[in-house]
Amino acid sequence: MDTTSVCWNLTSACNMSCQYCFRELSESAQSLEVNLGILDNLINMGVKRITFSGGEPFMYPYLLDLINKAHEAGIKCYVVTNGSLINEENVQTLLEHVDKITFSCDSPREIVNETIGRSTSRGVNPYDHMRNILPLIRYYYPDILIDINTVVTYDPNHEYRELDYMIEAIRNDLLKNNINKWKIIRFYPLRGKALSNKDRFSIENDEFLEIKKEYESENGYLTIDVRNIKDIDNNLIVSPCGYLKQSLNGEEKILVDLKPAVRKGRERHV
Ligand code: SF4
């Protein structure tokens, strides 16, 4: 197990409602004070890389405080986001100490994004939004790593052509911004909406292996990584309420409560 890297799911709040989402809805985000204590514990554990995630991490009001402190401690800061809260005015500030930003994006097509719930009340297609802010990110931060994550779900026609739309869009529109990696992640019914929509979205093993074979063969001009949930086993996760968890066979077990001792039992939420 790599104990130098954790994924910190700071909040379960999100401004989208993807039908396959498995964010942790039963836990509340913690106050800045509590999360600074959790960060101290991670620093003392020797963590060298934190991936801030959610929900949507930019909905947590003190994300930048945590990133700044982690950066000062020499920790690499990664963010996984739907990108919708980054704009021309705030991009420079939000990403100042971010080493890698990963956009979650499943399709360039508005109709598909709306159907799966990957859209905000502003009615802007998230793919168009991402395409528009990528050059700005590159302008301000030439060295930042940019990844794209796509969740692949069951296609009743067994064609998975949405991945073709996506790869075309990356090739024609996005690659010029120096994309580091495109990760295709198999739908996994861990909890929440993902669990209740299991029958609608689950992909059989052999079908997934076909997808993996087809898309990883495109590796060359772009790194494409096709992943099963088991590929991320043993990862360390910090949940919104501060539990350090380890994933195993797609399940998570609690290792320790990272909240500062004085706060345990009387948590303050944001
Ligand atoms: S998958 Fe990501 S963007 Fe979609 S609802 Fe869940 S947290 Fe929000």
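A residue is called buried if 20 or more other C-beta atoms lie within 10 Å of its own, exposed if 12 or fewer, and partly exposed in between. By that rule threonine 3, with 13 other C-beta atoms within 10 Å, is partly exposed. The structure discussed here is a predicted model, and the points below take up its paired strands, its nonpolar core, the residues around the ligand, and several individual positions.

**Strands E5, E6 and E7**

- Strand E5, which covers residues 145-152, runs parallel to strand E6, and the two are joined by 6 bridges; within this pairing, isoleucine 148 has tryptophan 182 of E6 as its bridge partner.
- Between these two strands the chain passes through helix H6, residues 161-174, and the resulting β-α-β crossover from E5 to E6 is right-handed.
- Strand E6 itself, residues 181-186, has a covered face made up of Trp182, Ile184 and Arg186, whereas Lys181, Lys183 and Ile185 belong to its uncovered face.
- E6 is also joined to strand E7, residues 223-227, by 5 bridges, and these two strands likewise run parallel.
- Two pairs of residues can be named across E6 and E7: isoleucine 184 has valine 226 of E7 as its bridge partner, and lysine 183 stands opposite aspartate 225 in E7.
- The side chains of E7 alternate along the strand, with Ile224 and Val226 buried and pointing to one face, while Thr223, Asp225 and Arg227 point to the other face and are not buried.

**Nonpolar core**

- The largest nonpolar core holds 60 residues, and the members that touch the most other members are Val6, Ile50, Phe52 and Cys77.
- Leaving aside residues up to four places away in sequence, isoleucine 50 touches Val6, Trp8, Leu42, Ala70, Ile75 and Cys77.

**Surroundings of the ligand**

- The residues that surround the ligand are Cys14, Met16, Ser17, Cys18, Cys21, Arg23, Gly54, Gly55, Glu56, Asn82, Ser104 and Arg118.
- By class, this shell divides into 4 nonpolar, 5 polar and 3 charged residues.
- Two members of the shell, Gly54 and Gly55, are joined to each other by a cis peptide bond, for which omega is about 20°.
- Glycine 55 is placed in the loop between strand E2 (49-53) and helix H2 (63-72).

**The loop between E5 and H6**

- Histidine 158 lies in the loop between E5 and H6, and its phi is near 55°, a positive value in a residue other than glycine.
- Tyrosine 160 is found in the loop between E5 and H6 and has a positive phi of about 50°, although it is not a glycine.
- Histidine 158 counts as exposed because it has 10 C-beta neighbours inside 10 Å, whereas tyrosine 160 counts as buried because it has 20 C-beta neighbours inside 10 Å.

**Threonine 3**

- Threonine 3 is located in the segment before E1, and, not counting residues up to four places away in sequence, it touches Met45, Gly46 and Leu236.
- Threonine 3 and asparagine 235 are 232 residues apart along the chain, yet their C-alpha atoms are separated by 8.3 Å.

**Leucine 25 and glutamate 110**

- Leucine 25 sits in the loop between strand E1 (5-9) and helix H1 (32-45), and it counts as partly exposed because it has 15 C-beta neighbours inside 10 Å.
- Apart from residues up to four places away in sequence, leucine 25 touches Ser12 and Gly192; from leucine 25 to valine 152, 127 residues apart in sequence, the C-alpha to C-alpha distance is 22 Å.
- Glutamate 110 is part of helix H4, residues 110-116, and with 16 C-beta neighbours inside 10 Å it therefore counts as partly exposed.
- The C-alpha to C-alpha distance between glutamate 110 and leucine 174 is 17 Å, with the two residues 64 places apart in sequence.

Methods:
Residues are numbered from 1 along each chain as its sequence is written. This is a predicted model: local features need pLDDT of at least 70, side-chain atom pairs count only at pLDDT 80 or more; totals for chains, interfaces and linings use all residues. Helices (H or I, at least four residues) and strands (E, at least two) are DSSP runs, numbered from the N terminus. Two strands pair if DSSP finds at least two bridges between them. A crossover is right-handed if, with the strands pointing away from the viewer, the path from the first strand over the helix to the second runs clockwise. A nonpolar core is a set of buried Ala, Val, Leu, Ile, Met, Phe, Trp, Tyr and Cys residues joined through C-beta atoms within 7 Å. Two residues are in contact if their C-beta atoms, placed from the backbone, lie within 7 Å. A residue is near a molecule or strand if its C-beta atom, placed from the backbone, lies within 6 Å of it. Ala, Val, Leu, Ile, Met, Phe, Trp, Tyr, Cys and Pro count as nonpolar, Asp, Glu, Lys and Arg as charged, and the others, Gly among them, as polar.
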